[in-house]
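Have the sequence and the 3D view open side by side. Try each question before reading its answer.

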Amino acid sequence: MPRTVPLAIVGLGNVGRRVMQLLIDNRDEIRRRYDLDFQLCGVADSSGAAVFQNESRPAFGLAPKARGFDLREILSHKQSGQGVATFPKYGHAAMSARQLVEKAGADALLEMSPTNLKDGEPGLSAVEAAIERGMCIVLANKGPLVLAYERLMKNAARKQARLAMSATVAGGLPTVNIGRRDLAGSHIQKIEGVLNGTTNLILTKMADEGMSYADALALAQHEGHAETDPTLDVEGYDAAVKLLILAHSALDFHATLDDVERVGITGVTMADLARNKRDARVTKLLCVAERDNGRDTYRLSVKPTALPQEHPMARLNSHQMGVMYHTDTNGTIVATIEEANPMPTASAVVRDLINLYWQA
């Protein structure tokens with residue numbers, strides 16, 4: 001009989017709704033292949049929360065008959081334009097994400113609320129509450145990791161909680177997993193990456209198709225890659241945040257946003273791109289973490305960079321992202337992904353969730 005895992009979800013935006021759809025579509029396969037059955041017992045969005053109350057539900061992981069929300073009903077309710085606080089019988093408009101974690105009785109938390117780089121809320125409080133309960137936690141939200149990575153990891157070790165975060169960097173690309181798990185035992189000398197899809201689309205369309213910056217940005221917004229206010233993308237903040245998460249997780253190098261040399265793409269002109277093209281070079285918003293003169297410190301930068309055409313990151317098309325790990329013993333590892341919508345990011349959340357429990 002599959003192991004039952006009571007699940008709480010915080011955040012039902014583009015990624016969160018797709019995660020729910022994947023759990024619906026793949027439930028039988030997950031049960032068959034991984035011997036796991038994820039049951040939703042609590043969910044929160046910006047409207048409040050809904051908590052499934054079942055007093056007879058036994059302890060975590062022991063109850064094949066344990067009941068939770070019908071994922072289809074929650075997803076349909078959300079897709080109709082309603083918040084989960086209005087879900088009949090179980091909705092609570094005044095309940096915060098942290099309170100949801102405290103009351104839902106879940107064994108795992110999927111934290112997918114919008115990234116907040118000011119105070120990390122509501123995600124940070126929800127993650128801290130989950131850690132105190134020794135839960136498994138999967139993050140697609142970058143804010144808590146940027147603002148409190150060391151504290152969260154220290155407390156997680158103390159409480160024997162486990163965190164996974166591969167969805168926070170380059171969507172479905174296993175960027176974090178490669179550096180954190182697959183390169184264990186080697187020294188990473190340098191990381192190079194194109195980690196922001198919006199800026200890569202804009203620069204590629206400008207260089208290859210002669211689009212103006214304004215038209216390329218409008219296309220990115222139309223396709224859902226860029227927000228109405230694209231500042232975090234085009235000024236390099238999103239890429240810098242992702243580089244910081246790699247520094248923390250893959251390099252064990254703890255820094256802040258102030259430690260990242262950051263230059264956005266708004267100053268890149270058509271003349272710059274044309275000149276680089278004549279010189280057989282391609283402009284990308286390149287993230288770099290490079291070991292500082294053999295020491296265990298790294299220089300971190302995010303800035304438009306003219307790369308030789310043969311460079312792996314220069315070859316990325318408008319909908320791709322990629323990463324290069326330069327190591328002492330594992331050579332140079334390159335991984336890329338084509339991601340035209342948030343589904344690969346949602347799939348990374350499900351991947352992390354399965355891996356936290358499978359064969360655990």
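The questions below go from model confidence to the sheet, its helices, the cores and two single residues.

Q: What pLDDT does the protein average?
A: This is a predicted model. Of its residues, 96% score at least 70. The protein's average pLDDT is 93.

Q: Over which residues does pLDDT stay under 50?
A: One stretch falls under that score. The model has 20 contacts for this stretch beyond four places in sequence. The low-scoring stretch is residues 55-66.

Q: Which are the edge strands of the open sheet?
A: Seven strands form the sheet, with mixed pairing. Their order is β4-β3-β2-β1-β5-β6-β7. An edge strand pairs on one side only. The edge strands are β4 (91-92) and β7 (162-164).

Q: Do β1 and β2 run parallel or antiparallel?
A: Strand β1 covers residues 3-10. Eight bridges join β1 to β2. In this pair, P6 stands opposite Q39 of β2. The two strands run parallel.

Q: Through how many residues does a hairpin join β2 to β3?
A: Strand β3 covers residues 48-51. Four bridges join β2 to β3, and the two run antiparallel. G42 has V51 in β3 as its bridge partner. The hairpin joins the strands through two residues.

Q: In β4, which residue is the bridge partner of A50?
A: Strands β3 and β4 pair over two bridges. Their sense is antiparallel. The partner of A50 in β4 is G91.

Q: Why is strand β2 largely enclosed by the rest of the structure?
A: Strand β2 spans residues 36-45. A residue is buried under 20% relative accessible area. The strand is largely enclosed because the number of its residues that are buried is 10 of the 10.

Q: At about what angle does helix α4 run to β2?
A: Helix α4 covers residues 97-104. The helix lies across β1, β2, β3 and β5 (108-111). Its angle to β2 is about 140°.

Q: What angle does the direction of helix α5 make with that of β5?
A: Helix α5 covers residues 123-132 and packs on the sheet. There, α5 touches β1, β5, β6 (136-139) and β7. The angle between α5 and β5 is about 165°.

Q: How many of the 10 residues of α5 are buried?
A: The buried ones include G123, L124, V127 and I131. The buried residues pack against β1, α4, β5, β6, α6 (143-159) and β7. Helix α5 is largely enclosed by the rest of the structure, because its buried residues number eight.

Q: Just after α5, which residue takes a positive phi?
A: Look just past the end of the helix. The phi there is about 70°. The residue is G134.

Q: Which residues of helix α7 are buried?
A: Helix α7 covers residues 175-182. Its buried residues are covered by parts that include β8 (188-194), α11 (237-251), β12 (320-327), β13 (332-338) and α13 (343-357). The buried residues are T175, V176, N177, I178 and G179.

Q: Where does the largest share of the largest nonpolar core come from?
A: This core has 78 residues. L109, L300 and Y325 have the most contacts inside it. The largest share is 10 residues, and it comes from α11.

Q: How many residues are in the second, separate core?
A: Its members include I74, M112, A346 and L353. This second core has 40 residues.

Q: Is K205 buried or exposed?
A: K205 is found in helix α8 (residues 197-209). Its side chain makes a polar contact of 2.9 Å with that of E209. Beyond four places in sequence, K205 touches G210, M211, A216, L219 and S318. Its relative accessible area is 14%, and buried means under 20%, so K205 is buried.

Q: How far from the backbone nitrogen of T256 is a polar atom of the side chain of D259?
A: D259 sits in the loop between α11 and β9 (260-262). D259 is partly exposed, with a relative accessible area of 45%. The C-alpha atoms of D259 and A240 are separated by 9.7 Å. From the backbone nitrogen of T256 to the polar side-chain atom of D259 is 2.8 Å.

Technical notes:
Residues numbered from 1 in each chain as written. Predicted model: local features only at pLDDT ≥ 70, side-chain atom pairs only at ≥ 80, totals over all residues. Heavy atoms only, no water. Buried < 20%, exposed > 50% of the residue type's maximum accessible area, 1.4 Å probe, protein only. Contact = heavy atoms within 4.5 Å. Pairing = 2+ DSSP bridges. Polar contact = N/O pair within 3.5 Å; in protein donor to acceptor, adjacent residues only side chain to side chain. Core = buried A, V, L, I, M, F, W, Y, C linked by side-chain atoms within 4.5 Å. Axes fitted to C-alpha atoms, helices over the stretch in contact; angles between N-to-C directions. pLDDT = per-residue confidence, 0-100.
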